[in-house]
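Colleague: I would like to learn how to read a model like this one. Can we go through it feature by feature?

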Amino acid sequence: MQVQLDSVHTVYLFGVAAIVLSMALRANVVVPAIIATFAVAATYSGSLIGATIAVFNGSLVAAKELFSIFLVIALMTALLNALRALGADQLMVRPFRRVMTSGHVAFAVIVAVTYVISLFFWPTPAVPLVAATLLPAAIVAGLPPMGAAMAIAIAGQGMALSSDYVIRVAPGISARAAGMPEAAAAIADKALVLSLVTGAVALLLGYLAIRQQIRRPGQIHLDRWQSGASLAEGLAAQREQVAPNIGSFDKSVLALQAAEGLEVDPPAAGEAALAGGGTLAAAAPARWGQVLAIATPLVFGSLILFMLAPKLIPGLPELKGGDAAALVGGTAALMMLIASFAADGAKAMHTAADHIIDGLVFSFRAMGTVLPIAGFFFLGAGETAGAILGLPAGAAAPDLLFEVIRAVDHLIPHSPAVVAFGVLLVGMITGIDGSGFAGLPLTGALSGALGPVAGIHPTTLAAVGQMGAVWTGGGTLIAWSSLIAVAGFCRVPVLELVRMLFLPVCGGLVLSTLLAVLLW
């Protein structure tokens with residue numbers, strides 16, 4: 001049945017085009033998203049008052065749909081802050097320095113540690129932690145700074161962030177935008193496979209590109225590296241080079257805040273307190289830091305196994321909907337309390353609350369601008385459009401994006417491969433603004449609308465679009481994304497780092513998209 005398009009559909013399409021163009025031009029997309037929401041609602045209702053209300057309702061509906069995601073980010077950040085107070089964050093990674101016997105081994109160690117930390121806490125705090133603790137040892141082992149920067153970017157901003165398998169921010173946004181909130185787990189599973197394939201290709205090609213630059217271990221490498229510009233000077237120069245406006249989410253600033261007060265290669269809190277100079281009172285938190293440095297990865301590793309077990313052993317109960325993210329968030333909250341009491345004793349009644357507040361502030365700074373963007377794309381889905389437009393309960397709501405897709409069904413190639421690469425390209429374009437997550441409402445909505453037309457499951461398309469958006473804007477292909485922080489910490493030119501990453505990452509994305517079409 002042919003769908004007749006009207007002025008509302010036309011205005012909605014102009015809104016989509018304006019948002020995509022803004023992303024491509026590296027402009028903040030909040031303003032066009034709000035204006036587009038107002039224009040669509042005004043065209044639909046014919047009321048300026050109703051359109052003004054819809055602007056608020058759009059962000060409100062998005063907040064209701066996505067707040068669980070914000071809360072998980074906040075609780076995980078609160079846990080990391082509590083661990084940092086004990087020095088447990090550095091104790092977790094410090095033992096890996098001992099195995100860095102060569103530059104080749106150092107490359108693999110940095111990849112593994114960055115991936116694991118980024119999977120649980122996101123790359124923002126992982127970058128300064130790895131840079132402060134492991135980077136000097138890797139350079140002494142003979143790994144060139146450019147090789148370390150590529151390893152951190154691919155493993156953290158690429159592999160870990162694009163799947164977001166533990167915190168599940170990206171799969172949650174994609175699933176809700178596609179009108180399938182219950183499919184977040186399926187998108188997360190597929191995104192995990194695609195991220196590992198993309199990462200494996202990118203790491204292999206990246207390693208081959210810098211292999212000849214790896215030298216014999218020696219202190220001279222670290223002396224030469226440290227004799228260059230300081231971290232602050234290096235990052236300031238990087239920011240000046242790529243211009244002040246570096247995207248919708250200034251992730252380099254967030255990464256620097258995560259590194260506040262962190263010196264390169266500082267003594268771990270546990271080692272310092274137990275070295276003989278600390279008091280008995282100081283030794284107790286240090287011992288707790290050592291315990292939690294072991295317990296934290298074990299607990300969250302067990303959660304991963306628990307979530308994967310039903311897929312490996314048929315018959316085991318599987319977590320439904322958002323239960324997986326809720327389990328991670330609840331675990332983070334309980335462990336944060338343990339770490340807070342271990343570090344502060346009775347004062348933890350206050351410091352634990354401070355950790356949660358700091359986590360919420362970080363969460364909204366990192367993700368807050370997604371709300372008006374998601375609100376606009378939720379306006380294009382029948383399940384949420386009614387609440388945004390203020391329609392009575394039970395009233396038929398417009399399904400704008402799906403209706404547009406059905407109207408041009410005859411023009412869309414009924415080829416899963418063509419559609420999959422089209423969604424990948426859209427995701428990469430939306431990532432140009434340097435945010436990574438701002439384009440997920442669009443790729444998710446397109447996946448829900450195009451999947452049935454092209455004969456490919458919407459969860460597969462959503463995972464492919466997620467790869468394109470996050471690998472591009474999350475911090476591997478765009479100089480004004482959080483990649484600028486990686487380059488700053490490693491003291492390498494950010495534009496040169498982009499050039500080195502371009503072919504490995506693009507090759508990985510092409511291969512993983514082909515694999516997605518063949519597998520699913």
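Modeller: We start with the whole protein, then turn to helix contacts, single residues and backbone angles.

Colleague: What kind of model is this, and how many helices and strands does the protein have?

Modeller: It is a predicted model. The protein has 25 helices and 0 strands.

Colleague: How many residues are there, and what share counts as buried?

Modeller: The protein has 520 residues, and 58% of them count as buried. The cut-off for buried is under 20% relative accessible area. The exposed surface comes to about 20,300 Å². Carbon and sulfur atoms supply 69% of that area.

Colleague: What do the contacts say about sequence separation?

Modeller: Take the contacts between residues at least 6 apart in sequence. Of these, 80% join residues at least 24 apart.

Colleague: Now a helix pair. How do the axes of H1 and H2 lie?

Modeller: H1 covers residues 7-24 and H2 covers residues 30-45. Their axes come within 9 Å and cross at roughly 180 degrees. Angles over 145 degrees count as roughly antiparallel. H1 and H2 are therefore roughly antiparallel to each other.

Colleague: Which residues meet there?

Modeller: From H1 come Ser7, Val8, Val11, Tyr12, Gly15, Ile19 and Ser22. From H2 come Pro32, Ala33, Ala36, Ala39, Val40, Thr43 and Tyr44. By class, this contact has 10 nonpolar, 4 polar and no charged residues.

Colleague: Next, contacts that are remote in sequence. Which residues does Leu371 touch?

Modeller: Leu371 sits in helix H18, residues 370-378. Set aside residues up to four places away in sequence. Leu371 then touches Gly58, Ser59, Ala62, Ala63, Leu66 and Phe70. The C-alpha atoms of Leu371 and Lys64 are separated by 9.8 Å, with their positions 307 residues apart along the chain. Leu371 is buried, because its relative accessible area is 12%.

Colleague: Where does Asn57 lie, and what does Asn57 touch?

Modeller: Asn57 is in helix H3, residues 48-86. Not counting residues up to four places away in sequence, Asn57 touches Ala387 and Ile388. Asn57 and Leu379 are 322 residues apart in sequence, yet 9.8 Å apart in space, C-alpha to C-alpha. With a relative accessible area of 15%, Asn57 is buried.

Colleague: Is Thr101, in contrast, buried or exposed?

Modeller: Thr101 is exposed, at 57% relative accessible area. Its place is the loop between helix H4 (88-93) and helix H5 (103-121). Thr101 and Ala137 are 36 residues apart along the chain, and their C-alpha atoms are separated by 9.3 Å.

Colleague: What surrounds the polar side chains? Which residues are in contact with His355?

Modeller: His355 is found in helix H17, residues 348-367. Leave aside neighbours within four places in sequence. His355 is then in contact with Ala78, Asn81, Ala82, Met336 and Ser340. His355 counts as buried, because its relative accessibility is 12%.

Colleague: And which residues are in contact with Thr459?

Modeller: Thr459 belongs to helix H23, residues 458-476. Beyond its neighbours within four places in sequence, Thr459 is in contact with Met180, Ala183, Ala186, Ile187 and Lys190. Thr459 counts as buried, at 2% relative accessibility.

Colleague: How should I read the sign of phi?

Modeller: Most residues other than glycine have a negative phi. Here, Asp164 has a positive phi of about 45 degrees. Asp164 lies in the loop between helix H8 (145-163) and helix H9 (169-177). Its relative accessible area is 1%, so Asp164 is buried.

Colleague: What is phi at Arg491?

Modeller: Arg491 has a positive phi of about 60 degrees, although it is not a glycine. Arg491 is in the loop between helix H24 (483-490) and helix H25 (494-519). Arg491 is partly exposed, with a relative accessible area of 25%.

Colleague: Last, the cysteines. How many disulfides are counted?

Modeller: A disulfide is a covalent bond between the sulfur atoms of two cysteines. The test here is a pair of cysteine sulfur atoms within 2.5 Å. By this rule the count is 0 disulfides.

Colleague: Are Cys490 and Cys506 buried or exposed?

Modeller: Cys490 is buried, with a relative accessible area of 1%. Cys506 is buried as well, with a relative accessible area of 18%.

Terms used: Residues are numbered from 1 along each chain as its sequence is written. This is a predicted model: local features need pLDDT of at least 70, side-chain atom pairs count only at pLDDT 80 or more; totals for chains, interfaces and linings use all residues. Side-chain values use heavy atoms; hydrogens and water are left out. Axes are lines fitted to C-alpha atoms, for helices over the stretch in contact, and angles run from 0 to 180 degrees between N-to-C directions. Helices (H or I, at least four residues) and strands (E, at least two) are DSSP runs, numbered from the N terminus. Angles under 35 degrees count as roughly parallel, over 145 as roughly antiparallel, 65 to 115 as roughly perpendicular and the rest as oblique. Contact means heavy atoms within 4.5 Å. Ala, Val, Leu, Ile, Met, Phe, Trp, Tyr, Cys and Pro count as nonpolar, Asp, Glu, Lys and Arg as charged, and the others, Gly among them, as polar. Buried means under 20% relative accessible area, exposed over 50%, partly exposed in between (1.4 Å probe, protein chains only). Accessible areas come from the Shrake-Rupley method with a 1.4 Å probe; for residues, only the protein chains shown count as cover.
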